[in-house]
Amino acid sequence: MAFFFTWAGFWLPIAIPLAIVLKWHPQKPMSVAQKLPLMASLYLIAPLIVWGAVGIENVPFSNYGLAWEPSVLVHLALGFGLGVFSLAILFGLQWALGWISWQPADISKLASALLPTLLLGLWVGGTEELIFRGFLLNQLLQDYSIWVAAAISSVIFAILHLVWEVRETLPQLPGLWLLGMVLVLARACDGGSLGLAWGLHAGWIWAIASLDTAELMTYTGTVPAWITGLGKKPLAGGVGILLLLATSSLLWLVLSPEL
């Protein structure tokens, strides 16, 4: 609680005037141009708060799952590839079933979006993994078993997404909670390192953000939105839940003995 109150205490003096400049009101939908500066200010502060906690607890930074070792980058790449590959299968199956259609004319927009969304995915994914599957999970593990700690950290992870967009995020809360659980499993399979979880998280963000930015994909409406995702959000639909369950099964059955 002290960590999150400190984080909010440092962020709000920046966020409030920034929101005024951006002309955003909490009761109104947030545009991408408004969300990115606010999110950037929040996520730039977070690692500094973690560094402060490292100093207070007198533990090595690697204790939170990020060590300066080549294996972290290797597992980051592995997780990234798995995340992108899993979404390629998901959207490929939906296209084959006629649930989505592609817009080839927008491929040029996709090419220009790939690098910015890659950097965004690595940054957001790395920051959120450090906080929720690194620092927060470690704190909870002092008092709870791994799966109780995972469930609590995943609830907090899901609920805090309401900061940005309440109406769009509410249907995604179960999916966000399950996403948090899968990423805890990824850290466990990786021997406590965040490399694999960071890669998975970044790969999913990169792929979805690139498609959304390029407007390359549209839903045909041939099946109910609760299957493909309410509000065009995969985590708010049955297929997104199945993707997470399939990923967790793969992690448990295939990757856990290898890493």
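**Notebook: helix packing and aromatic rings**

I started with helix H2 (residues 32-57) and H4, whose axes come within 10 Å and cross at roughly 35°. I'm working from a predicted model here. I looked at the angle and the distance because two packed helices are described by the angle between their axes and the distance between the axes. The crossing of H2 past H4 is left-handed.

Next I checked who touches whom. From H2, the contact takes in Leu36, Met39, Ala40, Tyr43, Leu44, Ala46, Pro47, Val50, Ala53 and Glu57. On the H4 side I found Leu120, Trp123, Val124, Thr127, Glu128, Leu130, Ile131, Phe135 and Gln139. Sorted by class, I get 15 nonpolar, 2 polar and 2 charged residues for this contact.

**Rings**

Phe135 from that H4 list took me on to the aromatics. How many aromatic pairs does the structure hold? I count 8. One of them is Phe3 with Phe4, an edge-to-face pair with 5.2 Å centre to centre and 85° between the planes. I looked up burial too: both Phe3 and Phe4 are buried.

Then I turned to Phe3 and Phe135. Their ring centres are 4.5 Å apart and the planes stand at 35°, so I logged this pair as tilted; stacked would need planes under 30 degrees apart, and edge-to-face over 60. Which parts of the chain does the pair link? Phe3 is in helix H1 (residues 2-22) and Phe135 in helix H4 (residues 107-141), so to speak distant parts of the chain, 132 residues apart.

Buried or exposed, for Phe135? Phe135 is buried, as its relative accessible area is 8% and the cut-off for buried is under 20%. Phe3 comes out at 8% relative accessibility and counts as buried.

I followed the ring pairs further and got a cluster: Phe3, Phe4, Trp7, Tyr64, Phe132, Phe135 and Phe157 are linked by them. Phe157 also has a charge over its ring, since the charged end of Arg133 sits there, 4.3 Å from the ring centre.

**Gln94**

Last lookup of the day was Gln94, which lies in helix H3 (residues 70-96). Gln94 counts as buried, at 2% relative accessibility. What does Gln94 touch, not counting residues up to four places away in sequence? My list reads Trp99, Ile100, Tyr219, Thr228 and Val239.

Notes
Residues numbered from 1 in each chain as written. Predicted model: local features only at pLDDT ≥ 70, side-chain atom pairs only at ≥ 80, totals over all residues. Heavy atoms only, no water. Phe/Tyr/Trp six-rings, centres within 6.5 Å; stacked < 30°, edge-to-face > 60°. Buried < 20%, exposed > 50% of the residue type's maximum accessible area, 1.4 Å probe, protein only. Helix = DSSP H or I, 4+ residues; strand = E, 2+ residues; numbered from the N terminus. Lys NZ or Arg CZ within 6 Å of the ring centre and 35° of its normal. Axes fitted to C-alpha atoms, helices over the stretch in contact; angles between N-to-C directions. Left-handed = near helix turned anticlockwise from the far one by under 90°. Contact = heavy atoms within 4.5 Å. Nonpolar A, V, L, I, M, F, W, Y, C, P; charged D, E, K, R; others polar.
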